[in-house]
Structures are given as C-alpha cells and as structure tokens.
Amino acid sequence: MKTNRREFLKLGAALSLAPMLPSNLFAGPNTQVIKNGEVFTAAHWGMLKATVKDGKIISSKPYQTLSKIPNPLQDTMADLVYKTRITAPMARKSYLENPDSPKPELRGIDEWVEVKYEDAIKLVARELKKTREQKGMQSIFAGSYGWYSSGKLHNPRILLHRFMNLSGGFVGTLGDYSTGASQVIMPHVVGSIEVYEQQTSWPVVLEHSKVVVLWGMNPISTLRIAWSSTDDQGLKYFEQLKDSGKEIIIIDPLWSETGKFFGDKAKWITPRPNTDTAMMLGMAHHLYTTGKYDKEFIANYTTGFDKFLPYLLGKSDKTPKSAKWASKICGIKESVIKNLAETIYANRTMLMSGWAMQRAHHGEQPHWMLVTLASMLGQIGLPGGGFGLSYHYSNGGAPTCAGGVLGGINAASIGIVENGKYKGLASQAKGDESAQSWLNAGTDYAFPVARVAEAILNPGKTLEHNGTKITYPDIDFIYWAGGNPITQHQDVNTNIKAWRRPRTVVVNEIYWTPTAKMADIVFPVTTQYERNDLTMTGDYSNQNIAPMKQVVEKQHGAKDDYQIFSDLSKAYADGLVEAFTEGGKTEMDWLEEFYNVAANAVNANTALGITMPKFDEWWNKNEPTTFAPTLESESWVRMAEFREDPILNALGTPSGLIEIYSDTIAAMNYDDCAAHPKWFEPVEWLGMKNKPAKFHLITVHPTDRLHSQQNNTSLRDNYAIANREPLLINTKDAAKLGIKNGDLVRVYNARGEVLAGAEVSDDIILGVVRLREGAWYDGFGDGLCKNGCANTLTIDIPTSKLANGNISHTGLVNIEKYKGTAPELTAFKAPKGAKNS
C-alpha cells in the first residue's frame, strides 16, 4: 500500500507540473496583479486561495484541507492588509527636531510627524554612519529577533542583517526565545540541538507506540502555523492518534485545546507549573529502586549514570528523590507518579514534550531529565519509543519528501566602507589587520536574545554564558525589522526603559505595533500579500514549493524591505547598493534563482520520476509543486543508527554517548546548573514559603494568533472578554475573589499590571491562571496595560548561567476585580500625529 501510495503521489505531482499551454506562449513571469479572480499564495498558516474583486481582497481560504480541525488564521487576509496600517514614513517629533539630543525618554508618548520617504532614507543613513564613526560597529544593534518570514526573499531580518553587514557590521544575538534553554543544554546531552530536529516518523509512532505522553504541549493550537508554511500534516496525524486506541496521557496544569480534542480518550495529570523535573526524578527513583529500568541501555549508550545516582538516591544531599518527595513538590499523588513510571516502562512509549517547561527558571533541567528518564526506559532508537521535542512544532514527524529545496537570500559577510565608498568584504582583504579586527568586532559582542533589555541597560557588564564570558556593548542605535520585541520580551516596563536609552531607534513595520510606537523613525512596509515570493511548506517534510504571489497592490505607499534596504545602501555609500542587490537583481530575478536551485536538483535526479518546468511557466501556472515521501523517511526512527552501533554512529557529545553527567558542564562550576539533571527551586512558584503573590501565571502560545501577529484582526472578537485579553482562572479561585465570568480584572505584581477579562472554568488547576502571550502592549504613559500583555508581568532573569534563556512561565501574580470605569483600549490606534488606516 505504501508503494502504491508513493507512486500515486509521484504521478499526481508530475501531472500537476504538465503545462496547460505550450511553453512558447509564456513571455516571462506574469507579475501583473489580478483585479478580479482567485490568487494562490502562502503564509505561516498554510497555502491559501484569495478571492479578489475590483482589486480588493474579499476572502481567503485554505488551498487544501488535510485535517477536519479548522484553522481560522487562514481567513484573515483582508484584515492583515487593511487594518491598523502605518500609512506613511513617520518620525518622532523630538528626534526630527534634534537627532543629537532626541529626548529618548519620550519614546512611546511623543508626537509623530510625517516625512518624505527620500528624506527618511537620508536621515537614517546619516545617523547610522554618524553612530558607527563615533562609537564603532558594536554600538549598532540589529537583533531583529522575530518570527521568520515565510518568503525566501522578503525576510526582513535577513535583509536587515545583509545591509548592516555589508555597510560595516553590527551586534546581533544568540539563540531564541522559543527554545533558549534546551538548544544550549541538548548539545551537551545528546550532541545536537534536538528541538529543531526531525522526529521519529508519524507512521512509525502510529504503528509501534503503545503509549503516547503529551508532556507540556498543545499541538492542536501550535500546529496551526509553521516556521515556513504549514503543510497541515501534523493535525492530520493527531487525528489518527486520537482514533488509534493507544493510551494517551496529557501532563499539563491546563486542559488545553489538545485536551479537549482528545476528550475522554486521554488521561489528564496536572502537576504544578515548573515542577516537571521533580516529577520525573520521582519516576526515575521508583524505576531504579524497583529494578524496572534498562541496565544494558544505560551501560552501552549513556555515560555518567553512576555519578547521577548519588543525587537520585539522596546519598549526596540526604534527600532521596522518591515519588513521595516528588509528590510534595509537584502536587501529584505518589501512587500516580509510580503508576505512570511503570506504565511507560512496561509499554513502548513515545515521550512527546513541548517547550513550555524549558521556558522557566532552571529550564535546562526538564529536557535533560526527560532524556535521562527515556534512557532508563531503554527505548531510544526503537520504533515508536524514546522521546521527541518537536511533534508540536511545524509538523515534526511528517515524513521528509524527496525533491527540491529552495535557496534563499543570505545575510552576507561584513563589508568595509571608507570615505563614503564600499571597498568590498573584509574577509577578502588579505593581510589587512584592520579588516580582520573589523570581522571580529561584531561577534565578540553578540549576546543571548533573552538578555536584550539587560544588555542595553548595562553596557560593559560581563555575562557568563555556556562556559564563556560576554561583555555587553554600548548600544546607541537600534534597527528592528520583522518582530515586536516590546510585546515579546519579558518584563515590558524594564524593556521600555532599555529602549529609551539609545539615541536612535529605527523600525520597519506594517502596523502601529507597540514596537513601532517606540521608534524614532518608522518605514511602512508591505504585507506578504503585497509582494511576490516563494516558500517551502513543511519545515520537516519539504512537501511543497509554493509561490507566494502578490494578491493586491501595495497599500499606502508601503515599500518592500528589499527596496528600503536597497535605498539605504545607495544613500549610505557609493557602490554599496550593487553589493546588496548583487548587481541590481530585481524581486523576480532572485525568485527565479531560488527556484532554479530546487528545479536543477529535481531534474538531475531521474529516480524521482518527475521534472520541474522553467520558472516562467511554473510561476504563471500559480500552483505548488508537491513532492512525495520516501519509504525510508516513512519508516525513519530517531537515533536508530546510534542504537545500532554507538561507536560508528557516535553522538556529537564528548563521549559520543548520551551524557547523563557532563564533565564539560561540571568544569563550568555554575551554581545554578549542575553536571547532571537536578531539581532547583524556581525564583517564584506555588511551593515557596513566602510567596510574593498568590497565583502562578502561565503565558502559553495563543490559539488565534501567531505570537502577536493577528492580534489586530477580527479573530480577536471571538476570544476577547470585556474587550481585553482573557485570563483563565479556576472556578473555585474565582468564587473566592468574587469574580464572575466576563468580569474585568486587574492582574498585577511587582513588575507591572494589566487588565484582562475573566474566563472562569475548571480547565485549569487551582492556584494557576493563564494569560496567552502576544497581546499588543497598551500601557504607554501610566504603565497599566489595557490590553492584557502577559509580558508586563513576567520575570526578566535568565534560566541559568549556562543557557541564559527566558523564564516566561515562571512568575506569580495577584488578581482582583477591577473597580471603576474601564479605560479606553488604544492598542490598535495610531499614535498622536499619525493616521489610522
């Protein structure tokens, strides 16, 4: 059946590529915008069909539907094009009056002035050059951490970095917010980053796993999107899992969309937030003391278990990490912890983990302990067994297809600009010591992205990070393109203080987000529906090459980021624009080049049985090219090669084995990250003796947004309560506070305060509340966020000295019913001096 299916998919793909008209009738790629009809395009939320009438978007819908689970993110194209737009280049009044003394303390509350595009370009180029000359490249920060743009050309972050590199370099960041702790600890444990690696194939899980544990993950929500563009396969596989008859165990303090999807087909275990490591330790202790663990796997495929045992058994600290001990910490009955341990030992079990547990204080520990627990089960590398950290993300586990992979624009290397002229790349200046120092300067100052606010506020401070020391630079110029860091970063009020320190802040943005409101100069940019691009769908499957065809004309004179940075290059130095555009390549020149990378690979591989046409022909047809998985990818098992021969297929750790104890980390001698997985008490949690507030706040990914993207669409009408972000609170907790469903509530702690709408339910455990991350911050002026931005309340300290990840799921808050007249919501309104679209 698998072979027939594969051949059928190959035949379908080949037929889809057959030209409907003779190729000689195509006279180049058709870039004319359709005024009436349907247009195929793509976004993070999938491949789409847009209906256009008289040049206006009427509706958008999915191009294909593999799952019965709806994805409302696909219906919002018109909102994203027409709502909350920045309608002209703008400058903050105080900055425009005197860029050398711009009153940065007024960012977020100052008046705005419209400026000509050409004047704004010249102003930014002049002030960037001035800052580099006065303070060096290390004073230029272009982190622009944000969700990746689906397109291979119009990726604002890469385009910004390309311009900054070629014009003389900049300070960037390390890591990301999503997996800040795990992506640093996992290479020490299993030799790879793991969190973004392909998972054991879903067909293997569905055939071989007997028990599937969903630990701290909500895939029914998070699989609505992908890093590139979703191929929709993940939701389909979870539907099959639901109907498989397997034992499904959900471990989460929240009965999420995933819990509701599985319903009575899943068992719900509800530990206190931030106590997952303790619970796993209790399970491991039970397995060891009862002899129900795989001694052979531990001996042959891991190292350091003997050094971990004294801690597990309590010989090193007189505290055995028993199920009874764990129960007091995590709030789960001792019998439940023991039964869970025995269940996963006795059955072929796939431990699927989300990333929420590592976005917490000491977030390095949960996934390290999860790998240790999986090692004790001895199922790593077996079909349907082991662990996986990406099943909830971008459709991990969808079998990888055989076909072409698109190329994309790159961030280039550091260039040298002298006396107003571009001299070439520093790396090509042989024997030039100044060029070499130029090359090294930027990387010497790069710091973890979760430490952005701390870095800006503390120039010269030294940070310990993963065995190295980093010195924070003196940042005086910020350029941000593609992202919303004011909403995204922890402890918004401190973050705002940081952003009010540099002399210059420039932002490329589509909408009047809180980050745009904190800028000095704003360039309005196009949405993905106002330009042409290409993308893959399926970050792991590479199932489709999809055209992202322009749906409507550019709105309000908005420019593509590629155009803005080309113009900045021209204004900055003679010859720089030629380097940036590689001799004047247009949008379609780049897209054809990217396409040909994939097409040449496909056409050279006759075993695929398909060919890809010339770019013009393919573009004008405006349909995706679909590839099929191989039999090998459908039966692929993560770490199977390592299990087969751990010597020939050694892991990337110093020992080549799974490191339960790391000599490398031991040598760092950190007080907040030991050489083996360990329970550390979080800075704030429900089990502490003197709690600064009553409720534990979890800030999960939103269901009807992608972080802060789409907060300004009509989807908000479906979930907002009292015209605010909803706060989920347990029924009994709400009753004690006199709060009813629909009430406006104030949520607060020492870091800040927000208004939210009460959602009263038994879908969350006692003492815990949920406020989804990503709501646009709306607290400029008095500091009270009227839109319920969760990061107003979160803590901005690192996971540990090892990874310096964010701890957005660690923090306590108080709640009270709001009294008085509700203040006006202004999150989606243009600031003073600017126009609403």
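Here is a short chat about a predicted model, covering the whole protein and one pair of its helices.

Student: What makes this protein as compact as a globular protein of its length?

Tutor: Put two numbers side by side. The radius of gyration is 27 Å, and the globule rule gives 28 Å for 837 residues; those are close, so the protein counts as being as compact as a globular protein of that length. Along the principal axes, its C-alpha atoms fill a box of roughly 75 × 65 × 65 Å. Inside that are 30 helices and 34 strands.

Student: How many of the residues count as buried?

Tutor: The share is 63% of the 837 residues. To make that list, a residue has to have under 20% relative accessible area.

Student: Why are α11 and α15 called roughly perpendicular?

Tutor: Their axes cross at roughly 65 degrees. The label covers 65 to 115 degrees, and α11 and α15 are therefore roughly perpendicular to each other. For orientation, α11 is residues 276–289 and α15 is residues 334–346, with axes that come within 9 Å. The crossing is right-handed.

Student: Which residues of α11 and α15 meet there?

Tutor: From α11 you have Met279, Gly282, Met283, His286 and Leu287. Facing them in α15 are Ile337, Lys338, Leu340, Ala341, Glu342, Ile344 and Tyr345.

Student: And how do those residues divide into nonpolar, polar and charged?

Tutor: Eight are nonpolar, two polar and two charged. Gly counts as polar and Tyr as nonpolar in this scheme, while Lys and Glu go with the charged ones.

Key. Residues are numbered from 1 along each chain as its sequence is written. This is a predicted model: local features need pLDDT of at least 70, side-chain atom pairs count only at pLDDT 80 or more; totals for chains, interfaces and linings use all residues. Side-chain values use heavy atoms; hydrogens and water are left out. Axes are lines fitted to C-alpha atoms, for helices over the stretch in contact, and angles run from 0 to 180 degrees between N-to-C directions. Helices (H or I, at least four residues) and strands (E, at least two) are DSSP runs, numbered from the N terminus. Angles under 35 degrees count as roughly parallel, over 145 as roughly antiparallel, 65 to 115 as roughly perpendicular and the rest as oblique. A crossing is left-handed if the near helix is turned anticlockwise from the far one by less than a right angle, and right-handed if clockwise. Contact means heavy atoms within 4.5 Å. The radius of gyration is taken over C-alpha atoms; the globule rule is 2.2 Å times the number of residues to the power 0.38. Buried means under 20% relative accessible area, exposed over 50%, partly exposed in between (1.4 Å probe, protein chains only).
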